[in-house]
Amino acid sequence: MKPAPFEYDAPTTLAEAVELTNSLEDAKVLAGGQSLLPILALRLSRFDHLIDLGRIGELIGIERANGTVTVRAMSTQADIGASAVVATGVPLLAKATPFIGHFQIRNRGTLGGSLAHADPSAEYPAVAVALDATLEVAGPSGSRRIPASDFFEATFMTAAAEGEILTAVHFPVWAGATGFAVEEVARRHGDFALVGVMAGVRLEAGKVAHAGVALFGVGGRPHRATAAEAALVGSAAPVSDLAEIGQLAVGDLDPPDDIHASGAYRRQIGAVLVERALHTAIQEAISHG
Amino acid sequence: VVEIDGRTWEPRVLRYIVSEDCGRMINPRVVEGQIAGGVVQGLGGVLLENFVYDGDGNPVTTTFMDYLLPTATEVPDLEIGHIVTEATSNPGGFKGMGEGGAIGSHAAVANAVADALAHLGVTVTTTPLGPSHIFELVEAARS
């Protein structure tokens, strides 16, 4: 099918985009089209106006300053995957990128689009949560920052208010002996994960000093495995009881059933993937130590 | 040859060998294309494709985002062997072809999955056999 008719706007400044978003009736922001265009084409949804952010130069770019990597919202997944700044400053973001769709999709899809869409099976929201990223949104009354842990509220629901546009994501750079890993199970290469894990660890003096673990595909939003993180911190590396840590990570989870996998499968395999991801991340951190 | 991850239950086809005899081949590339298409139907039918209906009988796999077909990344390199025994019933020595790939592949792939799980006491009686289906079969065999 083809989308229902819509008016198309392509502003060139953020101010203009915010103004349009708040003045037009039934408008939706287009941030690449990875998800929105199929939704429109399948007529799962329809909007009178699409506001394309793709021509706004101030929303594109990746910079590192003062221990933070800032990725502007309209940076494409392909840009992120090819960025040396991301590869060295936010390795988990770089490692997660090849799991998103296929390269043709990554040429169109953007970081901001993926986060604002908030699909619970998507990779980038879980990266943002695992790394304690901060999301910056702009609205008619200015901009504000929202921690990733507060941003994702439920499936396709975020803390960004009506009329606000996600403009940038600030990732803290984890310095020192760090390691990161992505694990996911998908039916086919490039499909949304049935269940997946983002993990990062930082070692100090041979012990885990900091850990970030987030599961995706297990509920309405990325699940931060705080109990598993707490159990990890202080453990000597390599950590011997990663299987138990994996169980802790899924302890309070009750993932949904769908046509591709049962909730019981997601839960059990989530624990396995946490174990594997942490094993890889800790090995990497040891080799960097 | 199918390998199954013993913890995530993801099946992976490591090797697929198929041989056929269609008499004299007019164009070997067309023959191999037919075989590949048939084999891929079997791979998809066993590992991915599934018509799902809800409790009221409504189909829920109505798009190719839900009804999973194998793509290039799900298909191993196919090793194709040609046996050429020319037919005597026609002047060219030709035989029919095109179904050889499809007829064998469903059973071959399903049996390979069944064999990979046999040591766990699993009996495979249905398809599709995605990771969650295999997980359920293993759980049922264990309990």
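# Chatting through a two-chain model

Me: Where should I start? How enclosed is strand 13 of chain A?
Reply: Strand 13 (residues 207-216) of chain A is largely enclosed by the rest of the structure, because seven of its ten residues are buried. Buried means under 20% relative accessible area, exposed means over 50%, and partly exposed is in between, with a 1.4 Å probe and protein chains only. Helices (H or I, at least four residues) and strands (E, at least two) are DSSP runs, numbered from the N terminus.

Me: Anything I should know about the model and the numbering?
Reply: This is a predicted model, where local features need pLDDT of at least 70 and side-chain atom pairs count only at pLDDT 80 or more, while totals for chains, interfaces and linings use all residues. Residues are numbered from 1 along each chain as its sequence is written, chains are lettered from A and ligands numbered from 1 in the order in which they are written, and side-chain values use heavy atoms, with hydrogens and water left out.

Me: Back to strand 13 of chain A. How many bridges does it have with strand 12 of chain A?
Reply: Nine bridges, and strand 12 (residues 193-204) pairs with strand 13 of chain A in the antiparallel sense. Two strands count as paired if DSSP finds at least two bridges between them. One example is A:Met198, whose bridge partner in strand 13 is A:Ala214.

Me: And what's in the turn there, between strands 12 and 13 of chain A?
Reply: Those strands form a hairpin with two residues between them, and A:Ala205 in the turn has a positive phi of about 50 degrees.

Me: What about strand 14 of chain A, how many bridges to strand 13?
Reply: Two bridges join strand 13 to strand 14 (residues 223-224) of chain A, and the two run antiparallel. A:Ala214 turns up again here, with A:Arg224 as its bridge partner in strand 14. This hairpin has six residues between the strands, and A:Gly217 takes a positive phi near 80 degrees.

Me: Which way do strands 4 and 5 of chain A run?
Reply: Strand 4 (residues 62-65) and strand 5 (residues 68-72) of chain A run antiparallel, joined by four bridges. A:Arg64 has A:Val69 as its bridge partner in strand 5. These strands form a hairpin with two residues between them, where A:Asn66 in the turn has a positive phi of about 50 degrees.

Me: What comes after strand 5? Is A:Ser75 buried or exposed?
Reply: A:Ser75 sits in the loop between strand 5 and helix 3 (77-82) of chain A. A:Ser75 counts as buried because its relative accessible area is 1%. Not counting residues up to four places away in sequence, A:Ser75 touches several residues, including A:Leu59, A:Ile80 and A:Thr110; contact means heavy atoms within 4.5 Å.

Me: New topic: A:Glu136. Which side chain does its side chain make a polar contact with?
Reply: That of A:His170, at 2.6 Å. A polar contact is a pair of N or O atoms within 3.5 Å; within protein, one must be able to donate a hydrogen and the other to accept it, and residues adjacent in sequence count only if both atoms are side-chain atoms. A:Glu136 lies in strand 6 (residues 134-139) of chain A and is buried, with a relative accessible area of 17%.

Me: Now the two chains together. How much area do chain A and chain B bury between them?
Reply: About 1900 Å², with 58% of it on carbon and sulfur atoms. Buried area is the accessible area (1.4 Å probe) that two parts lose on being put together, summed over both. A:Arg187, A:Arg188 and A:Ile259 supply 36% of the area that chain A buries against chain B, more than any other three residues.

Me: How many salt bridges cross it?
Reply: The rule finds two between chain A and chain B. A salt bridge is a side-chain nitrogen of Lys or Arg within 4 Å of a carboxyl oxygen of Asp or Glu. One joins B:Arg7 and A:Glu275, with the closest N and O atoms 2.7 Å apart.

Me: Which element gives the largest share of chain A's side?
Reply: Helix 12 of chain A, with eight residues.

Me: Last one, on chain B: is B:Gly38 buried or exposed?
Reply: B:Gly38, in helix 1 (residues 28-47) of chain B, is buried, with a relative accessible area of 5%. Leaving aside neighbours within four places in sequence, B:Gly38 is in contact with B:Gly101, B:Ala102 and B:Ser105.
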